Amino acid sequence: MYGGRVSATRTPELPPFVRLVGDPVRWRLLQALAGSDLRVRELVDSLDQPQNLVSYHLAKLRAARLVTARRSSFSGRDTYYHLDLGRWAEEWADVGAALHPGLRSDVVPPLPDRTCGSVLFLCTGNSGRSPMAEALLRHRGAGAVEVASAGSHPRPLRPNAVRVMAEYGIELEHQPTHVDALRHRRFDWVISLCDKVREVCPELPGHPTMVHWSLPDPEATGATDAVTLPAYRRTAAELERRIGYLLPRITGSAPARVIRRDR
């Protein structure tokens, strides 16, 4: 019979990230924000919780830099909250690696060889954000996703949108389109990219999944192309990141790794 004394082992502490997201209210907030940028009152309705409680947990998530907030460019009164899926992925990878090094993986799964869904991107002018999003998703989706874009008040394509897409190896050629011209088409997903168009978006057939990405207008940063070019680069990087996490939801594949570009 073994008579040796078993040495006591110290139980590792639960990682702070796990404690943070393990709270039931915070977990439900994260689930809601994983699908779309939302305002406080929408989160209150979704969770059926008091606003002061929702605001308290949002503050905790913001302090951890998992959730960011931006004032609506349409009303100026509302604030949209956004879950940073890139930071979530990094934190989750660290948690997995802390449990077992084999749980960290950089494998990029293949896309399906068939069309899995259709997406319509909307912004006001259909001259910058939405055609860039359309081009990036078409490029990343490699035929797995049908994609289009339109606007509520179409304007000519912005030169900086073309320049920045060229930096991604994409030749952007697009004729701005009014959303009414696409009202007869059925889309699986409709993604609004500015706060104004979200408020005026008409009802579309087929009950598509409605998602909002609250992105500032690059043109609001200045009056000249030279001034607005950095803003277009930031917009493209944000669209690239979000599209990287959208693709798995559309195709049902494992999460795609986002290519990070430091500008």
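Two strands pair if DSSP finds at least two bridges between them, and strands (E, at least two residues) and helices (H or I, at least four) are DSSP runs numbered from the N terminus. The model is predicted, so to speak of local features requires pLDDT of at least 70 and side-chain atom pairs count only at pLDDT 80 or more, while totals for chains, interfaces and linings use all residues. Residues are numbered from 1 along each chain as its sequence is written, and side-chain values use heavy atoms, with hydrogens and water left out.

**Exercise 1.** Find the strands that pair with β4 (residues 117-123), and name the bridge partners of L120.

*Solution.* Begin with β5 (residues 145-151), which runs parallel to β4 and is joined to it by seven bridges; within β5, A148 is the bridge partner of L120. Then turn to β6 (residues 189-192), which pairs with β4 in the parallel sense over four bridges, and there L120 stands opposite V190.

**Exercise 2.** Decide which residues of β4 point the same way as G117, and which point the other way.

*Solution.* Recall that in a regular strand the side chains alternate between the two faces of the sheet. In β4, V119, F121 and C123 point one way together with G117, whereas S118, L120 and L122 point the other way. Seven of the seven residues of β4 are buried, a word that means under 20% relative accessible area (exposed is over 50%, partly exposed in between; 1.4 Å probe, protein chains only).

**Exercise 3.** Is N160 buried or exposed?

*Solution.* Locate N160 in helix α7 (residues 159-167), and then note that N160 counts as buried because its relative accessibility is 2%.
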